[in-house]
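Colleague: I would like a close look at a single part of this model. Please keep the answer plain and connected, for someone new to reading structures.

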Amino acid sequence: MSDRFAHEYESVSGPSAAPVAVVPDDIVPLASIPKGLYVGTAGNLAVRGLSASQDVLFKNVPAGSILPVRAKFVRATGTTAQDIIAL
């Protein structure tokens, strides 16, 4: 299959080329910093941003939401949302 966009610069606001499922963890950071997070099943999402020193809690995130947050952690403690995908 050919990729018409293979020679284009990948930007933070562009589509994700390598989405990956996220397993929330309090100790282990994400394998790579995503462009954003997709929430498949509604709930709360506890994250620590790339340049942040403290976690924040996104409350009542609706199913199907895409949060444009460059997170280094998705914490197990506080996260009730499920089916999270790093973009």
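What is the volume of the second largest pocket? Please also say which residues line this pocket, and then describe the strands and the core.

Modeller: The model is predicted, and every value below is computed from it. The second largest pocket has a volume of about 190 Å³. Its lining is made of 14 residues, and those nearest the centre are Val 22, Val 23, Pro 29, Leu 30 and Ala 31. By class, 11 of the lining residues are nonpolar, one is polar and two are charged. Two strands, S1 (20-21) and S6, each supply at least two residues of this lining. The biggest share comes from S6, which gives three residues.

For comparison, the largest pocket has a volume of about 230 Å³. Its lining includes Asp 3, Phe 5, Tyr 9, Pro 15 and Lys 35. That lining holds five nonpolar, three polar and four charged residues.

Now back to the two strands that help to line the second largest pocket. S1 belongs to an open sheet of four strands, ordered S1-S7-S2-S5, with antiparallel pairing. S1 and strand S5 (65-67) are its edge strands, each pairing on one side only. The neighbour of S1 is S7, joined to it in the antiparallel sense by two bridges. In this pair, Val 20 faces Ala 86 of S7.

S6 has a different partner to follow: three bridges connect S6 with S3, and the two run antiparallel. Here Phe 73 in S6 is opposite Arg 48. S3 also pairs with strand S4 (residues 56-61), again antiparallel, through four bridges. Leu 45 has Phe 58 of S4 as its bridge partner, while Ala 46 is matched with Leu 57 of S4. S3 and S4 form a hairpin, and six residues lie between them. S3 is mostly covered, as seven of its seven residues are buried.

The strands also lead to the largest nonpolar core. This core has 14 residues, and those that touch the most other members are Val 22, Leu 37, Leu 45, Val 47, Val 74 and Ile 84. The elements that contribute two or more residues to it are strand S2 (37-41), strand S3 (43-49), strand S6 (71-74) and strand S7 (82-86). S6 therefore has two roles in this account, because an element here is a DSSP run, and the run called S6 gives residues both to the core and to the pocket lining. Val 22 is likewise found in both places: it is among the core residues that touch the most other members, and it is one of the lining residues nearest the pocket centre.

Ile 84 gives one view of how this part fits together. Leaving out residues up to four places away in sequence, Ile 84 touches Val 20, Ala 21, Val 22, Pro 24, Leu 37, Tyr 38, Leu 45, Val 74 and Thr 79. Among these contacts are Val 20, which stands opposite Ala 86, and Leu 45, whose bridge partner is Phe 58.

Key
Residues numbered from 1 in each chain as written. Predicted model: local features only at pLDDT ≥ 70, side-chain atom pairs only at ≥ 80, totals over all residues. Heavy atoms only, no water. Core = buried A, V, L, I, M, F, W, Y, C linked by side-chain atoms within 4.5 Å. Buried < 20%, exposed > 50% of the residue type's maximum accessible area, 1.4 Å probe, protein only. Contact = heavy atoms within 4.5 Å. Pairing = 2+ DSSP bridges. 1 Å grid on protein atoms, 1.4 Å probe; cavity = no way out; pocket = protein on both sides within 12 Å on 5 of 7 lines; lining within 4 Å. Points joined across faces, edges and corners; volume = space filled by probe spheres on them. Nonpolar A, V, L, I, M, F, W, Y, C, P; charged D, E, K, R; others polar.
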